[in-house]
Amino acid sequence: MAITPLSPGAFKATNSARFLTATRQQLDDLQRQLSTGKKSETFGGLGASRITSLEMRAKLSEVASYRETITGLQNRAKQLDLNLTYLGKISDDLRSSAILPQYNIDSSGQTSIQKVMKTRLDEAVDLLNTQINGEYLFSGRTTDRRPVVDATTMLNGDSAGRAGVKQLVAERKAADYGAAPDVGRVVQGGAGANATLTEDGAHPFGFKLTAASATGAGITAALTAGPPANIAYNVAANPAAGDEVRFELTMPDGSRQAIALVARAAPASSVADAGGFEIGVTPAATAANLRASIAAVMNREAATTLPAASALAAAKAFFAGSNNTPPLRVSGPPATATALVAGTAANTVIWYMGDDTSASPRLTKQARIDNGITVGVGVQANEEGIQRVMSNLAAFVSETYSASNSNDQGRFNAMSERIRADLGQQTGVQRVQDIQVEIALTTNQMKLADDRHKVKANLVQTVISDVEDANQEETAAKLLSLQTKMQAAYQTTAIISRLNLTDYLR
């Protein structure tokens with residue numbers, strides 16, 4: 001280290017140099033503040049205020065993280081809303097088409113509206129397989145897994161021999177129909193003055209006898225609930241014209257069909273039909289006519305409403321299936337089957353391949369959007385509301401009809417009637433729109449959280465600015481003042497540096 005020689009004026013010269021150096025540093029710092037707008041380039045330069053700055057920046061980073069999460073979830077929710085809206089429109093279109101069904105079958109055995117709805121089924125599959133940012137929206141937790149198989153495999157099965165909707169429908173129809181003459185798995189019997197209907201066993205197939213009654217004093221009705229259930233009518237005396245025999249059939253899809261047979265006077269030629277029965281000469285003759293009319297109505301229902309209900313029941317069973325809960329199928333030879341058995345991945349197409357382990361699909365995709373607030377926007381393609389749309393579509397488009405079969409228009413109408421009812425508003429039954437409402441409520445919650453974060457970010461940024469930002473007007477004034485002082489100091493120093501004894505004496 002160099003030691004300044006002790007000489008007259010040396011101390012003052014050193015102080016002057018230090019002053020000029022310090023002033024120059026202040027000038028440089030003020031120029032930097034003026035150009036950058038910041039008080040310091042480092043947190044250390046802020047002094048005690050650095051703690052406030054660091055804390056506020058941590059809060060700002062937290063808010064930014066929450067807002068980034070919200071943006072990602074909002075994009076997901078927006079796409080879900082679009083897909084669910086279109087899926088709901090498909091459902092509404094199918095239901096509207098079923099209100100006034102047009103039975104105009106062509107050589108393929110299908111109506112024009114069935115072909116349109118096959119296209120809608122393809123569109124529904126595409127909607128359920130939508131991705132955003134590389135994640136499948138309708139797959140629950142397994143966002144990397146395509147949730148739904150293609151529509152062709154869904155309907156027809158695959159080359160490995162796994163059954164699709166059409167095969168399950170065919171099996172269920174056969175199991176529900178049973179074997180003639182006891183169609184619908186109900187044994188028709190009685191002799192003398194009696195007419196009876198008896199379920200052929202305790203199993204889930206065919207018609208279920210759920211109610212029986214008779215008007216007038218001539219005929220009595222008795223229902224034994226079972227299982228198997230039994231209905232017995234006794235014609236103790238001839239009924240009056242207009243008296244009715246009534247019973248109710250519960251179908252495989254859970255719908256009910258009320259039957260009313262009206263007693264009427266005998267015409268010139270006796271014909272048994274499904275609309276009523278003729279009053280005979282004796283109670284036994286009337287009972288025989290009643291048995292014939294019951295057989296006619298059972299044959300009619302077995303050819304129209306029963307296969308439509310069977311198709312819908314089988315389609316619902318198919319779409320209720322997933323990896324952990326395989327769809328139920330008819331066990332054994334259908335005509336005599338007495339149970340349903342779970343299919344396997346080896347013999348049945350599993351239409352939904354996504355996650356199905358959560359009790360709440362919304363929670364399969366959740367994130368924290370604020371302190372103590374977590375929301376979920378997960379959706380699974382196998383949710384009840386979506387299943388209903390898919391099962392009705394599949395049941396509707398899987399059926400074929402024949403112009404030569406007089407019962408097929410009735411079967412088509414029965415299918416349309418069930419679709420109208422099943423896709424309508426039902427208490428306690430989820431619809432696609434219900435999923436949309438849940439997503440919309442979550443979206444609103446995210447918006448409110450994002451609005452709070454915006455306000456908080458502005459407040460935090462204000463504090464940071466107060467701590468870190470330099471006041472430009474104040475800095476400019478200081479800089480100008482310091483420049484004036486430095487200029488005077490340099491001029492004085494320059495004059496002193498040139499001063500000699502002669503100049504001093506002058």
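How far apart should the ends of helix 6, residues 283-303, lie at 1.5 Å a residue? Good morning, colleagues. I shall answer that question shortly, after a word on what is being shown. The structure above is a predicted model, and every value I quote is computed from it.

To the helix, then. Helix 6 has 21 residues, so at 1.5 Å a residue it should span 30 Å, and its end C-alpha atoms are indeed 30 Å apart. The buried residues of helix 6 are Thr286, Ala287, Leu290, Ser293, Ile294, Val297, Met298, Glu301 and Ala302. An α-helix has 3.6 residues a turn, so residues three or four places apart point the same way. I invite you to read the buried positions of helix 6 with that in mind, from Thr286 through Leu290 and Ile294 to Met298.

The same check can be made on helix 7, residues 305-319. With 15 residues at 1.5 Å each step, the expected span of helix 7 is 21 Å, and the distance between its end C-alpha atoms, 21 Å, agrees. As for its surroundings, helix 7 is mostly covered, with 13 of its 15 residues buried.

Let me now turn to the chain as a whole. Its secondary structure comprises 12 helices and 16 strands. Of the 506 residues in the chain, 42% are buried. Among contacts with a separation of 6 or more, 66% are between residues 24 or more positions apart.

Next, the interior. The largest nonpolar core contains 63 residues, and those with the most contacts inside it are Leu128, Phe138, Met154, Trp351, Ile386, Met390 and Phe396. Helix 2, residues 50-99, gives the most to this core, namely 9 residues. There is also a second, separate core of 28 residues, which includes Val183, Ile259, Phe277 and Ile279.

Met154 deserves a closer look. Leaving aside neighbours within four places in sequence, Met154 is in contact with Val125, Val148, Val149, Gly164, Val165, Phe318, Phe319, Trp351 and Met390. Two of those partners, Trp351 and Met390, are themselves listed with Met154 for the most contacts inside the largest core. The residue before it in sequence, Thr153, lies in helix 4, residues 151-156. Is Thr153 buried or exposed? Its relative accessibility is 18%, and the cut-off for a buried residue is under 20%, so Thr153 counts as buried. Beyond residues up to four places away in sequence, Thr153 touches Asp158, Gly164 and Val349.

I move on to the strands, beginning with strand 6, residues 194-199. Which residues make up its covered face? They are Ala195, Leu197 and Glu199, whereas Asn194, Thr196 and Thr198 form the uncovered face. Strand 6 is joined to strand 5, residues 186-189, by 4 bridges, and the two run antiparallel. Within that pairing, Gly189 has Thr196 as its bridge partner in strand 6. The two strands form a hairpin with 4 residues between them, in which Gly190 takes a positive phi near 110°.

Strand 6 also pairs with strand 9, again in the antiparallel sense, over 5 bridges. Here Thr196 stands opposite Ala232 in strand 9. Thr196 thus appears in both pairings, as the partner of Gly189 and opposite Ala232.

Strand 9, residues 230-235, also holds Asn234. At 28% relative accessibility, Asn234 counts as partly exposed. Asn234 and Ala193 are 41 residues apart in sequence, yet their C-alpha atoms are 5.8 Å apart. Besides Ala193, Asn234 touches Asn194, Gly218, Ile219 and Thr220, not counting residues up to four places away in sequence.

A further hairpin is found later in the chain. Strand 15, residues 366-370, and strand 16, residues 373-376, pair in the antiparallel sense over 4 bridges. Gln366 has Gly376 as its bridge partner in strand 16. The hairpin has 2 residues between its strands, and Gly372 in the turn has a positive phi of about 80°.

Finally, empty space. How many cavities of 30 Å³ or more does a search of the whole structure find? The search finds 1. The volume of the largest cavity is about 60 Å³. Its lining is formed by Ser91, Gly385, Arg388, Val389, Asp422, Leu423, Gln430, Arg431, Val432 and Gln433. Helix 8, residues 384-398, and helix 10, residues 432-468, are the elements that give two or more residues to this lining. Of the elements, helix 8 gives the most, with 3 residues.

That concludes my presentation. Thank you for your attention.

How values were computed. Residues are numbered from 1 along each chain as its sequence is written. This is a predicted model: local features need pLDDT of at least 70, side-chain atom pairs count only at pLDDT 80 or more; totals for chains, interfaces and linings use all residues. Side-chain values use heavy atoms; hydrogens and water are left out. A nonpolar core is a set of buried Ala, Val, Leu, Ile, Met, Phe, Trp, Tyr and Cys residues joined through side-chain atoms within 4.5 Å. Buried means under 20% relative accessible area, exposed over 50%, partly exposed in between (1.4 Å probe, protein chains only). Contact means heavy atoms within 4.5 Å. The expected span of a helix is 1.5 Å times one less than its number of residues. Two strands pair if DSSP finds at least two bridges between them. On a 1 Å grid over the protein atoms alone, a cavity is a set of points where a 1.4 Å probe fits but cannot get out, and a pocket is an open set with protein on both sides within 12 Å along at least five of seven lines; lining residues have an atom within 4 Å of a point. Grid points are joined across faces, edges and corners, and a volume is the space filled by probe spheres set on the points.
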